[in-house]
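Student: Please take me through this structure slowly, with the reason behind each term as you use it.

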Amino acid sequence: MTEQLHDTSVRGFASDNYSGVHPEVLAAIATANDGHQAAYGEDAYTERLQRVFARHFGEGVEAFPVFNGTGANVTALQSMLPRWGAVISASTAHINADEGGAPERVGGMKLLTVPAPDGKLTTELIDREAWGWGDEHRAQPLVVSITQTTELGTAYTADEVRTIADHVHERGMTLHMDGARLANAAASLDLPLRAFTRDAGVDVVSVGGTKNGALGAEAIVVLNPEASVGLKYLRKLNMQLASKMRFTAVQLIALYEGELWLENARHSNAMARRLRDALDAGIAAGELPGLGFSQPTQSNGVFATLPAGVADRLRDGGFRFYDWDAARGEVRWMCSFDTSEADIDAFVAGIREELTRA
């Protein structure tokens, strides 16, 4: 038996990727393990997953399970673009800031980015780069990519997505949604997945699983077949086609066939809310000098600003989290499906202690 190499009592606030795998997902993998199934997606679990996502997004959609979010985004966007195409996104978008240049180097596409202080694109921001069609000297802006929830923890409303989709489609472009935290958006908005994706005009969505309790499973879901070409081949080309596909598909079935995806997201959102509310109360009482917030808390992330040195002292004390903008003392605190109230309360106590040190 393999030796356990880590302290299971430690909880981090750096990323929802720090969490383990939900026990129901692990059990589903074990259930799928007996016997033989055809490889490369010709198995009963991948077939079932098509029906699962059809219930969420409507009939006629097609799901392509992949290993990770970068693979989902790059492969999806490749399928939506010709070689001369470009993608408009927020400068904070994961495809621009956190995918190691994969869209450009692997996908061969141009990213046209615009600043979005809250992480959300608007029609006005899109129009900063939505021009130059027919100009052979300019990469052609043909796809807009938005993130739900955003990299800054904010959520687009269904109406905001619809406004963007209409604007994009009127200009002959298509709309991609990076949904690594799509479940957190549904929990925040209290809406079914379809309401702010397919019904709001999204053409292709990358559906997350890993940040919400999966071992390593995402999916590209094509909502508008006319907006995507060649995914069957691009998934293989990009090394995102699992031979033992049943183990990828069954993770997503475990999450999305019932309510586990939503329960997990509601919990992680609630823990972020508990953290924010406790700190807001401390600020109001004058007990947390120098603490501020840079974004509204609408999902499972809290974005805060701290006085110099406080973040490092907290990390030295065992609370792992990332700087977001070190120059202005901005940090990101993420909650997960397995974050407990006790975890939050201990973190709040640690923040309080460091902020009140002489």
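Tutor: Let us begin with T149, which sits in the loop between strand 4 and helix 7, and keep in mind throughout that this is a predicted model.

Student: What makes the peptide bond from Q148 to T149 worth a remark?

Tutor: The bond is cis, with omega near -10 degrees. T149 also appears in the lining of the largest cavity, to which we shall return.

Student: What is to be said about phi of D190?

Tutor: Phi of D190 is near 55 degrees, which is a positive value in a residue other than glycine. D190 belongs to the loop between helix 8 (182-189) and strand 6.

Student: Why are strand 1 and strand 3 said to stand at the edges of their sheet?

Tutor: The sheet is an open one of seven strands in the order 1-7-6-5-4-2-3, and its pairing is mixed. Strand 1 (62-66) and strand 3 (110-114) each have a single partner strand, so one side of each is left without a neighbour in the sheet. From one strand to the next, the twist averages 25 degrees.

Student: How do you know that strand 2 and strand 3 pair?

Tutor: Strand 2 (residues 85-90) and strand 3 are joined in the parallel sense over five bridges, and since at least two bridges are needed for a pair, the term applies to them. As one example, V87 has L111 of strand 3 as its bridge partner.

Student: Which helix packs on the sheet and touches strand 4 and strand 5?

Tutor: That is helix 7 (residues 158-170), which touches strand 4 (140-147) and strand 5 (174-179), and its direction makes about 145 degrees with that of strand 5. Helix 2, for its part, lies across strand 1, strand 6 (204-207) and strand 7 (218-222), and runs at about 120 degrees to strand 1.

Student: How do helix 2 and helix 10 cross, and how near do their axes come?

Tutor: The axes of helix 2 (residues 44-57) and helix 10 (residues 246-256) come within 9 Å and cross at roughly 35 degrees, and the crossing is left-handed. Helix 2 brings Y45, T46, R48, L49, V52, F53 and H56 to the contact, while helix 10 brings R246, A249, V250, L252, I253 and Y256. Sorted by class, this contact has nine nonpolar, two polar and two charged residues.

Student: What makes strand 8 and strand 10 the edge strands of the sheet in the order 8-9-11-10?

Tutor: That open sheet has four strands, and its pairing is antiparallel. Strand 8 (292-293) and strand 10 (322-325) each pair on one side only, and for that reason they are called edge strands. Strand 10 meets strand 11 (residues 330-334) through three bridges, with the two running antiparallel, and because at least two bridges make a pair, they qualify. Within this pairing, D323 has V331 of strand 11 as its bridge partner.

Student: How many cavities of 30 Å³ or more does a search of the whole structure find?

Tutor: The search finds two. The largest cavity holds about 40 Å³ of space, and the second largest about 30 Å³. A cavity is called that because a 1.4 Å probe fits there but cannot get out, whereas a pocket is open.

Student: What lines the largest cavity?

Tutor: The lining is made by T149, T150, E151, G153, R181, S299, N300, G301, F303, R332 and M334. Strand 9 (301-305) and strand 11 are the elements that give two or more residues to it, and by class the lining has two nonpolar, six polar and three charged residues.

Student: Which strand gives the most to the lining of the second largest cavity?

Tutor: Strand 4 does, with three residues. The lining includes S145, I146 and T147, as well as E151 and Y156, and its residues divide into five nonpolar, three polar and one charged.

Student: Which residues are the closest to the centre of the largest pocket?

Tutor: The largest pocket has a volume of about 280 Å³, and of the 15 residues that line it, H6, V10, R11, Y18 and S19 are the closest to its centre. By class, the lining of this pocket has two nonpolar, nine polar and four charged residues.

Methods:
Residues are numbered from 1 along each chain as its sequence is written. This is a predicted model: local features need pLDDT of at least 70, side-chain atom pairs count only at pLDDT 80 or more; totals for chains, interfaces and linings use all residues. Side-chain values use heavy atoms; hydrogens and water are left out. On a 1 Å grid over the protein atoms alone, a cavity is a set of points where a 1.4 Å probe fits but cannot get out, and a pocket is an open set with protein on both sides within 12 Å along at least five of seven lines; lining residues have an atom within 4 Å of a point. Grid points are joined across faces, edges and corners, and a volume is the space filled by probe spheres set on the points. Ala, Val, Leu, Ile, Met, Phe, Trp, Tyr, Cys and Pro count as nonpolar, Asp, Glu, Lys and Arg as charged, and the others, Gly among them, as polar. Axes are lines fitted to C-alpha atoms, for helices over the stretch in contact, and angles run from 0 to 180 degrees between N-to-C directions. A crossing is left-handed if the near helix is turned anticlockwise from the far one by less than a right angle, and right-handed if clockwise. Contact means heavy atoms within 4.5 Å.
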